[in-house]
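Before reading on, please take a moment to look over the chain and the molecule bound to it. The report below begins with the ligand and then moves outward to the sheets, the domains and some details of the backbone.

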Amino acid sequence: MKSKSEIVLKGIPISPGILIGEATVWRIGEIHVDSRKISVEEIEKEIELFKKVRDNLVKDLELAKVDLPEEIVKLIDVQISILKDVELEKQVMDLIKEKRRTAEFAIYHIIGQKAEQLEKFGTQYLKDRAQEIRKLGRDLLKGIKNLEKRKVREEDKIIVTDDVAVDEAVEILKRGVKAVIVEGGGKTSHAAIIFRDYKIIAVFGVENATKRIANGDMVIVDGAKGLVIANPQDATLAHYQKLQEDYIKYEQGLSEIKELPAATLDGREFVLMANIDIPEEIELVKEIGDYGVGLFRTELLFYSVKDDEERQYEIYREVAHKLYPFPLTIRAFDIGGDKAIDNYYERNPFLGLRGIRLLLQRKDLFRTQLRAIMRANDLGNIRFMIPMVCCHEEVVETKKFFLKVKKELEQEGYKFQQPKFGIMVEVPSLVFVLDKMADMLDFVSIGTNDITQYTLAVDRKNPRISYLFSHLHPSVIYMIKYVTDVGRKKNLIVDVCGEISSDPYGIILLVGIGVDELSLTPSLILETKKLIRNIEFKEAENIVEKALNLKTPSEVKSLVYEYLKERAPYILEFYE
Ligand code: PEP
Ligand code: MG
């Protein structure tokens, strides 16, 4: 028999770790939808069918919640609330009644429309939401057609699937599956968050995985690199077996430094903080240790609670209380750019009405969020931060509005503490006037994703020019250094919350620059601490000095590479 040839597939790294084993492949495939017109007599029956199938699915989801931690229960509740949405029910019933279509067609059509509306905006976050809605739609269709739901079997250890719904992610978690390879999905899908938080190795966005990998194929999953290798040759297998052993040892080593400070060998200490996208991630942060949050992105809340002060207040307060006495840095809605809020066309959305620009034009939304944030600060550990600031005037106007909202709340009798006030430094123009606005600020946080995009004029999401996008560009490093020096002179805390804080090359430079805080993905906090504990501040400072005299990101990378090779070779083994 001819042995199968080795296939290497690349995807998005979601959750690190290495696993070698047999694949179980899940494919939903197309479900045929009956689109005929029904008779008047059939209307009631079709409506009943829709309601029965929907209620059954809700029941299944309710059952799935048993024994699960609170943060996952909340994710399932989101799915339940989509299914129970009155507008969805009305639209489906109208289509059945008024257009006399089958229940399955009505579900297919309405769900499809909802998903398309979200997909149209082109952001990965909304695409992830759309995919979740489509998955619920497929589950409803399966209910109507009496098709089996996918179940994890005892022996399944690596699941390869076209997509994965929240309830399936829960099943995967409960049944002890070790690794998941998914064709669709992105970093912000709820399933991705569950896998990351519960350390299930995962690679998403692996195109055609379910077609190229067959049931029973031997696969290697490398979650740190986002790599999947099917039917490996002997040499590949041997290499990964060794890597897997090393990785396990490395992970065990990480738990040993849990209680130790993020200090260099020569004693310079750094504050590590977490970046979170949804409130539920706070549980993971707590599990890792005593850390604050340097960036709570609120865009995911925007779509569900932007007009709801009470709900926002409850969410912010709950997270702040869980973190106390460590700080919670809440960033005002960074809407606009690729996260559009309406259908308004902009030629250059990333240079358009985004972040603080939009909030200052939509004070209704801004006021609601600010009121919720201030009221939530009864313990005093909340920091408030504004995104996409380009100019002095924006800071003046925002600070004025901030103080006005504070006064309004005090007059209404609310008791709270004034949150610390800070800005994101992510537009180059701001860097060189920062010292002149320092008296209005308590802290700054450098968003290297955007400052790289705007310094190099490279759209951070455009794959055609991604070879130009690098936060290791000497100009970017220079700006971080410049901001840090201003911060030191003006007594401002300097945090860095872009992706550079989770990049081993970037971390060496940030240490050498001497920023105060690095804020990053929670699951990489301990790894970052380990790296900092392996290096010397003085040496890192030297590297920065040299880097500032180089011409290109690749020269900077080579410079740091030599240092990593000497001080932390394991990093190169796992992440290169
Ligand atoms: C950044 O720009 O670096 C940042 C942290 O913000 P976001 O990635 O949310 O734009
Ligand atoms: Mg940004």
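## The surroundings of ligand 1

In this predicted model, ligand 1 has 13 residues around it, of which Arg 297, Arg 331, Gly 447, Asn 449 and Arg 460 come nearest. Sorted by character, the residues of this shell divide into six charged, four polar and three nonpolar. The element that gives the largest share of the shell is helix α17, which spans residues 448–456 and contributes three residues.

Several polar contacts can be described atom by atom. In the side chain of Arg 331, an N or O atom is 2.9 Å from an oxygen atom of ligand 1, while a polar side-chain atom of Glu 426 lies 3.0 Å from an oxygen atom of the ligand. Gly 447 takes part through its backbone, where an N or O atom lies 3.5 Å from an oxygen atom of ligand 1. On its own, ligand 1 has 290 Å² of accessible area, and the protein covers 98% of that area.

## The closed barrel

One of the sheets in the chain is a closed barrel of eight strands, which runs β9-β10-β11-β12-β13-β14-β15-β16 and has parallel pairing. Within this barrel, neighbouring strands are turned against each other by 25° on average, if direction is ignored.

The pairing can be followed in detail between strand β13, made of residues 420–425, and strand β14, made of residues 443–446, which pair in the parallel sense over four bridges. For a single position in this pairing, one can look at Met 424, which stands opposite Ser 445 in β14.

## The open sheet

Another sheet, also of eight strands, is open and has mixed pairing, with the strands in the order β1-β8-β7-β3-β4-β5-β6-β2. Strands β1 (7–10) and β2 (12–15) stand at the edges and each have a single partner strand, so one side of each is left without a neighbour in the sheet. Here too the average turn between neighbouring strands, direction ignored, is 25°.

Strand β7, covering residues 218–222, and strand β8, covering residues 227–230, run antiparallel and are joined by four bridges. Across this pairing, Val 219 stands opposite Ala 230 in β8.

## Division into domains

The domain assignment of the chain gives a domain 1 made of two segments, 7–24 and 155–253, together with domain 2 (40–145) and domain 3 (264–575). Between the C-alpha centres of domain 2 and domain 3 the distance is 36 Å.

## Backbone details

Most residues other than glycine have a negative phi, and most peptide bonds are trans. Against that background, two places in the chain deserve a look.

The peptide bond that joins Tyr 324 and Pro 325 is cis, with an omega of about 10°. Pro 325 itself belongs to the loop between α12 (309–323) and β11 (328–331).

Met 388 is not a glycine, and yet its phi is positive, at about 65°. This residue, Met 388, is found in the loop that lies between β12 (382–386) and α15 (392–411).

Conventions: Residues numbered from 1 in each chain as written. Chains lettered and ligands numbered in written order. Predicted model: local features only at pLDDT ≥ 70, side-chain atom pairs only at ≥ 80, totals over all residues. Heavy atoms only, no water. Near = heavy atom within 4 Å. Polar contact = N/O pair within 3.5 Å; in protein donor to acceptor, adjacent residues only side chain to side chain. Areas by Shrake-Rupley, 256 points an atom, 1.4 Å probe, with all protein chains shown as cover. Helix = DSSP H or I, 4+ residues; strand = E, 2+ residues; numbered from the N terminus. Nonpolar A, V, L, I, M, F, W, Y, C, P; charged D, E, K, R; others polar. Domains from an automatic or database assignment. Pairing = 2+ DSSP bridges. Axes fitted to C-alpha atoms, helices over the stretch in contact; angles between N-to-C directions.
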